[in-house]
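Me: I would like a close look at a single part of this model. Please keep the sentences short and start from one contact.

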Amino acid sequence: MKYGIVGATGRVGKLLVKILNEENAKIGAVMFEGQQTIEFDKDTVITNDAKTLLENSDIVIDFSAPIATQKLLEAATQNPKPLVIATTGLNDHQKNLIIEVAKLTPVLYATNMSLGVAILNKLVSLVSEKLRDFDIEIVEQHHRYKVDAPSGTALTLAESAAKARGFDLKDVMVTGRSGHVGARSKDEIGVFAVRGGDVVGRHTVGFYNDGEFLELNHTATSRETFARGAIKVAKWLINQKPGLYSINDALGI
């Protein structure tokens with residue numbers, strides 16, 4: 001199996017290259033913009049063109065930026081290959097492209113490739129449904145360089161919480177409070193971002209009621225968590241039929 005990597009010189013992309021090399025896996029092609037900051041095998045095709053990447057890959061793992069993901073998806077409509085998409089901050093058009101490409105080839109889209117976060121999502125859904133009178137607040141922390149906020153993971157957690165209560169997230173989500181905003185409404189779900197230092201990723205989902213509260217927390221201490229998770233699901237995805245899959249599908253949870 002020849003892997004293609006989009007964003008191969010990024011923080012997680014470099015780790016994907018390292019881990020795949022340790023596993024003696026074949027990296028068919030890599031795609032990135034800007035300077036080459038790491039070395040690749042002499043047989044690996046280096047490109048900034050999505051069409052070329054797909055032609056030299058059996059499956060593609062994408063940890064990049066929304067515009068690069070869009071180029072990959074547009075090219076995949078002409079040359080569909082299994083795709084693992086882990087880029088966050090996608091707009092509605094880009095998400096719709098994922099849906100269209102998934103009609104042609106298996107696509108796994110997840111805002112977080114951590115196995116622990118996959119379990120956290122299931123727990124959030126369960127607790128949100130069972131503790132319906134509890135207020136929900138989500139806080140996410142990341143390094144100073146992260147460009148999207150709230151994080152894709154925080155939004156996914158919020159979506160799980162809202163769906164479990166029968167709400168559309170856009171109708172209940174609050175992402176900022178300042179000034180005389182009044183009392184908290186019963187159904188709102190707060191989602192707040194903290195940025196600083198080199199924090200890899202920390203997400204806390206709190207359920208608060210009079211007299212008690214419950215907090216569910218996940219902390220990533222290494223980006224290798226995301227890289228290894230993506231490789232794990234890629235090995236599963238390569239054998240699937242066309243369709244849009246989640247990390248829960250790959251893990252059987």
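With which residue does Lys18 form a salt bridge, and how far apart are the closest N and O atoms? Then work outwards from there.

Reply: A caution before the details: this is a predicted model.

Lys18 forms a salt bridge with Glu224. The closest N and O atoms are 3.1 Å apart. The pair ties together distant parts of the chain: Lys18 is in helix 1, Glu224 is in helix 8 (residues 224–237), and 206 residues separate them. How covered is Lys18? Its relative accessible area is 36%, so Lys18 counts as partly exposed. As a general point, side chains of opposite charge can pair when their charged atoms come close.

Now take the helix that carries Lys18. Helix 1 spans residues 11–22 and sits in a right-handed β-α-β unit, together with strand 1 and strand 2. Strand 1 covers residues 2–6. Four of its five residues are buried. Strand 2 (residues 26–31) pairs with strand 1 in the parallel sense, over five bridges. Within strand 2, Ala29 stands opposite Gly4.

Strand 1 also pairs with strand 4 (residues 59–62). That pairing is parallel too, with four bridges. Here Ile5 has Ile61 of strand 4 as its bridge partner.

Further along the chain comes helix 3 (residues 66–76), which holds Gln70. Is Gln70 buried or exposed? Its relative accessibility is 16%, so Gln70 counts as buried. Leaving out residues up to four places away in sequence, Gln70 touches His93, Gln94 and Leu97.

Back to the charged pairs. The structure holds 16 salt bridges. One of them joins Lys103 and Glu100, again with the closest N and O atoms 3.1 Å apart. Lys103 has a relative accessible area of 56%, so Lys103 is exposed. Glu100 comes out at 40%, so Glu100 is partly exposed.

Another salt bridge brings together the side chains of Glu188 and Arg177, at 2.7 Å from N to O. Both residues lie in the loop between strand 8 (173–174) and strand 9 (189–195), 11 residues apart. Why does Glu188 count as buried? Its relative accessible area is 12%, and the cut-off for buried is under 20%. Arg177 is partly exposed, because its relative accessible area is 38%. The pair is part of a wider arrangement: salt bridges that share partners join Asp135, Glu137, Arg177, Arg184 and Glu188 into one network.

Two members of that network lead to a sheet. Asp135 and Glu137 fall within strand 7 (residues 135–142). Strand 7 belongs to an open sheet of five strands, in the order 8-9-7-10-11, with mixed pairing. Which strands are at the edges? Strand 8 and strand 11 (212–220) are, since each pairs on one side only. Strand 7 runs antiparallel to strand 10 (residues 201–209), and seven bridges join the two. In this pairing, Glu137 stands opposite Gly206 of strand 10. Glu137 is therefore named twice here: as a member of the salt-bridge network and as a residue facing strand 10.

Next, a helix with contacts to this region. Leu157 is in helix 6 (residues 152–164). Its relative accessibility is 0%, so Leu157 counts as buried. Which residues does Leu157 touch, not counting residues up to four places away in sequence? They are Leu120, Asn121, Val124, Ile138, His203 and Val205. The C-alpha atom of Leu157 is separated by 9.6 Å from that of Thr204, which is 47 residues away along the chain.

Last, the surface. Ile119, Leu123 and Ile253 make a nonpolar surface patch of about 230 Å². Ile253 lies in the segment after helix 9 (247–251). With a relative accessibility of 37%, Ile253 counts as partly exposed.

To recap the starting point: Lys18 of helix 1 pairs with Glu224 of helix 8, and helix 1 belongs to the β-α-β unit with strand 1 and strand 2.

Note on methods
Residues numbered from 1 in each chain as written. Predicted model: local features only at pLDDT ≥ 70, side-chain atom pairs only at ≥ 80, totals over all residues. Heavy atoms only, no water. Buried < 20%, exposed > 50% of the residue type's maximum accessible area, 1.4 Å probe, protein only. Contact = heavy atoms within 4.5 Å. Pairing = 2+ DSSP bridges. Right-handed = clockwise from strand over helix to strand, strands pointing away. Patch = residues over 30% accessible without salt bridge, like charges linked within 9 Å, V, L, I, M, F, W, Y side chains within 5 Å. Areas by Shrake-Rupley, 256 points an atom, 1.4 Å probe, with all protein chains shown as cover. Salt bridge = Lys/Arg side-chain N within 4 Å of Asp/Glu carboxyl O.
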